[in-house]
Amino acid sequence: MASGVARVDLDGRPIKPLTICMIGAGGFIGSHLCEKLMAETPHRVLALDVYSDKIKHLLEPGTLPWADRIQFHRLNIKHDSRLEGLIKMSDLTINLAAICTPADYNTRPLDTIYSNFIDALPVVKYCSENGKRLIHFSTCEVYGKTIGSFLPKESPLRQDPAYYMLSEDSSPCIFGPIEKQRWSYACAKQLIERLIYGEGAENGLEFTIVRPFNWIGPRMDFIPGIDGPSEGVPRVLACFSNALLRRQQLKLVDGGQSQRTFIFIKDAIEAVLLMIENPARANGHIFNVGNPNNEVTVRQLAEMMTQVYSKVNGEPPLEVPTVDVSSKEFYGEGYDDSDKRIPDMTIINRQLGWNPKTSLWDLLESTLTYQHRTYAEAIKKATSKPIATS
Ligand SMILES: NC(=O)c1ccc[n+]([C@@H]2O[C@H](COP(=O)([O-])OP(=O)(O)OC[C@H]3O[C@@H](n4cnc5c(N)ncnc54)[C@H](O)[C@@H]3O)[C@@H](O)[C@H]2O)c1
Ligand SMILES: O=C(O)[C@H]1O[C@H](OP(=O)(O)OP(=O)(O)OC[C@H]2O[C@@H](n3ccc(=O)[nH]c3=O)[C@H](O)[C@@H]2O)[C@H](O)[C@@H](O)[C@@H]1O
């Protein structure tokens, strides 16, 4: 889109082109947000990350129509003196940088706490001190477990939304014990949320906090042994994609009974763009961003992905497509899980009039089509080693 084309906000006011400092722009969410901002808005992005592979298509060649609106800065926010200057040059900072996979919080709790709390501190401080707006990415994991999970299994109250619906302004945050290290991530994210809120209350920081509920789609994480470490454990979409691509069984942790609501990344990015362009409606708010209509157990997700992938690659699924594994075997000692995650959409609906659109089947079909096109050949090559002769 050409710079300067008139865009109006939800209240009919013209939107002026912004300079956005996006930290973690090279990750899954960042890559989709950069894509959207380049293709559909006149905004400028200073893209900060340690990696740039997922946004390479937006940076090269220099003849792309938005070449003068995106600039990549390879830096680690843990120790780089350029950070404050880049925040000062921008109208808005979006912080996406974090360690955010369960396999990591279970095995690298210190890195997880540092990444989600300590490393975010200077970002909040520089925004506050320089009077810059901040959109900070938190997580639905700050809610922890549902109240309903503590009720007896047969209690009819478990069916009552009051016992499971997760609402920004009323739900408690219920974490497990310290040795269950999943909650180190949730706890670090919660503390940075509280700090940002405090900066807003005491020092007038203009902020918005986003709580994503399982955003999934193309470019999420990596396929082990292809574009990430062979022994790495990504989030569930990539784990299941990897198994399907290799014609292996999908592993269900502790029976696959946990429930999740999955939202298509492209729907979620629409919500973020509304936040960016409607500060008067978004500042001071915490927003759940999810799709309450797309709830499944992890087992149901595995079954659906198996069916969708069979449609995509035209081959029948394995006779027994899934296998049960214990969490100890899969993630190691001390794993715990969130039981159920249904986002309350009242606040985001009221403030931004946003609703998710894409069904789980449709989002899986488009994502698995991407996975197949991107990885099937590479996996075939990697697995067709020459047969050794004795
Ligand atoms: N994807 C989801 O559904 C989801 C759900 C809940 C919360 N979130 C939150 O959203 C944010 C982005 O998630 P994502 O799925 O895009 O993850 P991601 O891992 O794909 O992206 C994070 C990016 O941050 C970068 N980064 C990390 N530490 C950095 C540092 N010190 N300096 C510079 N760059 C650094 C990484 O290199 C990576 O590219 C995270 O804060 C995460 O906790 C995501
Ligand atoms: O996306 C989110 O909203 C949040 O939740 C995710 O946490 P979680 O949903 O537990 O992570 P996944 O790896 O996507 O796992 C989902 C479920 O699938 C299970 N799983 C995962 C992988 C696998 O191969 N098999 C399997 O059964 C897990 O045990 C878990 O119950 C991410 O880790 C967080 O970054 C994020 O904050």
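User: What makes residues 20-290 a named region in this chain?

Analyst: The name comes from a record: UniProt, in an unreviewed entry, places the feature "domain: NAD-dependent epimerase/dehydratase" at residues 20-290. Such an annotation may be inferred rather than shown by experiment. The remaining values belong to a predicted model. In that model the span is 35% helix and 18% strand, and its end C-alpha atoms lie 24 Å apart.

User: Why are helices H8 and H14 called oblique to each other?

Analyst: Helix H8 (residues 236-245) and helix H14 (residues 360-383) pack at an angle of about 55°, with their axes 10 Å apart. An angle under 35 degrees would count as roughly parallel, and 65 to 115 as roughly perpendicular. The value for this pair falls into neither range, and H8 and H14 are therefore oblique. The crossing of H8 past H14 is right-handed.

User: Which residues make the contact between H8 and H14, and what is its make-up by class?

Analyst: H8 contributes Leu237, Ser241, Asn242, Leu244 and Leu245, while H14 contributes Leu364, Thr367, Leu368, Gln371, His372, Tyr375, Ala376 and Ile379. By class, there are eight nonpolar, five polar and no charged residues in this contact. His372 is among the residues of H14, and histidine counts as polar because the charged class holds Asp, Glu, Lys and Arg.

User: What term describes the arrangement of H8 and H11, and why?

Analyst: The axes of H8 and helix H11 (residues 298-313) cross at roughly 45° and come within 11 Å. That angle is not under 35 degrees, nor does it lie in the range from 65 to 115, so H8 and H11 are oblique to each other. Their crossing is right-handed. On the H8 side the contact is made by Val236, Leu237, Phe240, Ser241, Leu244 and Leu245; on the H11 side, by Val298, Leu301, Ala302, Met305, Thr306 and Tyr309. The classes are ten nonpolar, two polar and no charged residues.

User: Why is the aromatic pair of Tyr143 and Phe213 called tilted?

Analyst: The ring centres of Tyr143 and Phe213 are 6.1 Å apart, with 45° between the planes. Rings pair if their centres lie within 6.5 Å, and planes under 30 degrees apart count as stacked, over 60 as edge-to-face; the pair is therefore tilted. It is one of seven aromatic pairs found in the whole structure.

User: How do you know that this pair links distant parts of the chain?

Analyst: Tyr143 and Phe213 are 70 residues apart. Tyr143 lies in the loop between strand E5 (133-137) and strand E6 (165-166), whereas Phe213 lies in the loop between strand E7 (207-212) and strand E8 (215-216).

User: What makes the backbone at Asn214 and Arg247 worth noting?

Analyst: Most residues other than glycine have a negative phi. Asn214, in the loop between E7 and E8, has a positive phi near 45°. Arg247, in the loop between H8 and strand E9 (250-253), also has a positive phi, of about 55°.

User: Which value identifies the peptide bond joining Glu60 and Pro61 as cis?

Analyst: Omega is about -5° for this bond. Most peptide bonds are trans. Pro61 is in the loop between helix H2 (56-59) and strand E3 (70-74).

User: Which residues does His285 touch, leaving aside its neighbours within four places in sequence?

Analyst: His285, in strand E12 (residues 285-289), is in contact with Phe207, Thr208, Ile209, Ile347, Arg350 and Gln351. From C-alpha to C-alpha, His285 and Glu168 are 9.0 Å apart in space, though 117 residues apart in sequence.

How values were computed: Residues numbered from 1 in each chain as written. Chains lettered and ligands numbered in written order. Predicted model: local features only at pLDDT ≥ 70, side-chain atom pairs only at ≥ 80, totals over all residues. Heavy atoms only, no water. Axes fitted to C-alpha atoms, helices over the stretch in contact; angles between N-to-C directions. Helix = DSSP H or I, 4+ residues; strand = E, 2+ residues; numbered from the N terminus. Parallel < 35°, antiparallel > 145°, perpendicular 65-115°, else oblique. Left-handed = near helix turned anticlockwise from the far one by under 90°. Contact = heavy atoms within 4.5 Å. Phe/Tyr/Trp six-rings, centres within 6.5 Å; stacked < 30°, edge-to-face > 60°.
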